[in-house]
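Work through the exercises below with the structure in view. Try each task before reading its solution.

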Amino acid sequence: MPDLTAVKTASVQTMLRNHRIELPSWAFGNSGTRFKVFGQPGVPRNAFEKADDAAQVHKYTGVTPSMAVHIPWDKVDDYAALAVHAKNNGIRIGTVNANVFQDEDYKLGSVCNPDPKIRGKALAHLLDCVDIMDATGSRDLKLWFADGTNYPGQDDIAARQDRLAEALRAVYDRLGPGQRMLLEYKLFEPSFYSTDIPDWGTSLVHCQALGPRAMVVVDTGHHAPGVNIEFIVAMLLRAGRLGGFDFNSRFYADDDLMAGAADPFQLFRIMHEVVKANALITARSGDAGVAFMLDQCHNIEPKIPGQIRSVMNVQEATAKALLVDAEALRAAQRSGDVLGANGALMDAYNTDVRPLLAELREEMGLARDPYAAYLASGYGEKIMSERHGGSPAGWGA
Ligand code: LRH
Ligand code: MN
């Protein structure tokens, strides 16, 4: 059984207290599917209001001091002012996400497009995003490309990789000191025959060709059904190239549901690999370190409570991973005790860690249940009554 002695509990709580989870600005705006985007009352109208809502999640969870932005969804006239606004609300602007997947010109791709003019336009946007990082003090530039093809023969697979490598090199060489590039892969959608960065191997090959500050991002919704994601995590940690996670969950494809909602056991197995590799606590500056980010859409559920619940799900999976009796597990593994080894992991997974987390929050001066505390705060009602006029933020797709 997991060791729940005071000493062990205290060390687990110390790790959880210092664990950081980054929130996606776009989770606070309206989102949906190609069938319908259901608007919700009170959603933010701009990046400043998104930062206000993200600050609420940090106020009640204590572990989400940064908000990732997406350009142009979070375009503002003065990014330094946005960073100051975030700071005044107790958080900071985190990862900058580029967007070269919504402009009419990108129908046949952005940096992989056959047309050099369009590739130039896409590259200019990526370089603008590094300028924004300089203004916000962000460390990470996250790149996800929708680039791909829908029919065999539509374009040359290898030629598109050459175009991609050329653009990534130009961006990598523009990065300033302490800045990193996080390269995200995705199996399919919106392209349905080939995607130019479809899997971790393709992302890793490009990152290794670029240099030490190019890292792979694992979005938990971007794999084929049945893929063992924790195996990929273990491999990327071993290669020193796991730059971050886009946590969400799915039953079928890129559903972008709340992290841990569809498959809490998978999230636990992933965090077990992270904990085992001592990669949980990241140094904010410098190349190394895993960025734990949420990348979700609350299409039908309230946004801020959805984010709080997601953070709690990640904390619960992490707490269980921290409770794995590593010695017992290793001993069983080395002696070929299959059931003993699996049992050591399942004991931790089957441990109810909610009391341990509630106690930690109390020690941090927070409510034991951040979800209930937020609902009781009246903030949701306040923004619904205040935020009239202007256009609610969304994906603008
Ligand atoms: C692509 C993706 C990527 C983001 C977007 C919001 O599916 O996961 O991380 O840019 O969602
Ligand atoms: Mn993502």
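**Exercise 1. Decide whether Cys 112 is buried or exposed, then find out how many disulfides there are.**

Solution. Note at the outset that this is a predicted model.
- Step 1: Look at Cys 112. Its relative accessibility is 0%, so it counts as buried.
- Step 2: Find its closest cysteine sulfur. That sulfur belongs to Cys 207 and is 14 Å away, too far for a bond.
- Step 3: Apply the cut-off. A disulfide needs two cysteine sulfur atoms within 2.5 Å.
- Step 4: Check from the other end. Cys 207 is in no disulfide, as its nearest cysteine sulfur, in Cys 112, is 14 Å away.
- Step 5: Check the cover of Cys 207. This residue is also at 0% relative accessibility, so it counts as buried.
- Result: The count is zero disulfides.

**Exercise 2. Describe the site of the manganese ion (ligand 2): which residues coordinate it, and what is its geometry?**

Solution.
- Step 1: List the donor residues. Glu 184 (OE), Asp 219 (OD), Asp 246 (OD) and Asp 295 (OD) coordinate the manganese ion (ligand 2) at 2.1 Å.
- Step 2: Take the angles. The six donor atoms give values of 73 to 171°.
- Step 3: Name the geometry. Six donors count as octahedral if opposite ones are over 155 degrees apart and all others lie between 65 and 115. The site of the manganese ion (ligand 2) is octahedral.
- Step 4: Read the spacing in sequence. The donor residues follow the pattern E-x34-D-x26-D-x48-D.
- Step 5: Place two of the donors. Asp 219 sits in strand β8 (residues 214-219) and Asp 246 in strand β9 (residues 242-247), so this pair ties together parts 27 residues apart in sequence.
- Step 6: Check their cover. Asp 219 is buried, at 0% relative accessible area. Asp 246 is buried as well, with a value of 0%.

**Exercise 3. Explore the loop between β6 and β7, starting from Glu 189.**

Solution.
- Step 1: Locate Glu 189. The residue lies in the loop between β6 and β7.
- Step 2: Read its backbone. Phi of Glu 189 is near 70°, a positive value in a residue other than glycine.
- Step 3: Grade its exposure. Glu 189 has a relative accessible area of 35%, so it is partly exposed.
- Step 4: Follow the chain to Pro 190. The peptide bond from Glu 189 to Pro 190 is cis, with omega near 10°. Pro 190 is in the loop between β6 and β7.
- Step 5: Go on to Phe 192. This residue is found in the loop between β6 (180-184) and β7 (194-195). Its relative accessibility is 52%, so it counts as exposed.
- Step 6: Look for a patch. Leu 187, Phe 188 and Phe 192 form a nonpolar patch on the surface. Together they have about 280 Å² of accessible area.

**Exercise 4. Inspect the backbone at Pro 72 and at Asp 256.**

Solution.
- Step 1: Turn to Pro 72. The peptide bond from Ile 71 to Pro 72 is cis, with omega near 15°. Pro 72 is in the loop between β2 (66-70) and α3 (79-88).
- Step 2: Turn to Asp 256. Phi of Asp 256 is near 55°, a positive value in a residue other than glycine.
- Step 3: Place Asp 256. The residue is in the loop between β9 and α8 (264-276).
- Step 4: Grade its exposure. Relative accessibility is 8% for Asp 256, so it counts as buried.

Key
Residues are numbered from 1 along each chain as its sequence is written. Chains are lettered from A and ligands numbered from 1 in the order in which they are written. This is a predicted model: local features need pLDDT of at least 70, side-chain atom pairs count only at pLDDT 80 or more; totals for chains, interfaces and linings use all residues. Side-chain values use heavy atoms; hydrogens and water are left out. Patches are made of residues with over 30% relative accessible area and no salt bridge: like charges are joined within 9 Å, nonpolar side chains (Val, Leu, Ile, Met, Phe, Trp, Tyr) within 5 Å. Accessible areas come from the Shrake-Rupley method with a 1.4 Å probe; for residues, only the protein chains shown count as cover. A salt bridge is a side-chain nitrogen of Lys or Arg within 4 Å of a carboxyl oxygen of Asp or Glu. Helices (H or I, at least four residues) and strands (E, at least two) are DSSP runs, numbered from the N terminus. Buried means under 20% relative accessible area, exposed over 50%, partly exposed in between (1.4 Å probe, protein chains only). Donors are N, O and S atoms within 2.8 Å of the metal (3.2 Å for Na, K and Ca); water is not among the atoms, so sites may look incomplete. Four donors count as tetrahedral if all angles lie between 85 and 135 degrees; four count as square planar and six as octahedral if opposite donors are over 155 degrees apart and all others between 65 and 115; anything else is irregular.
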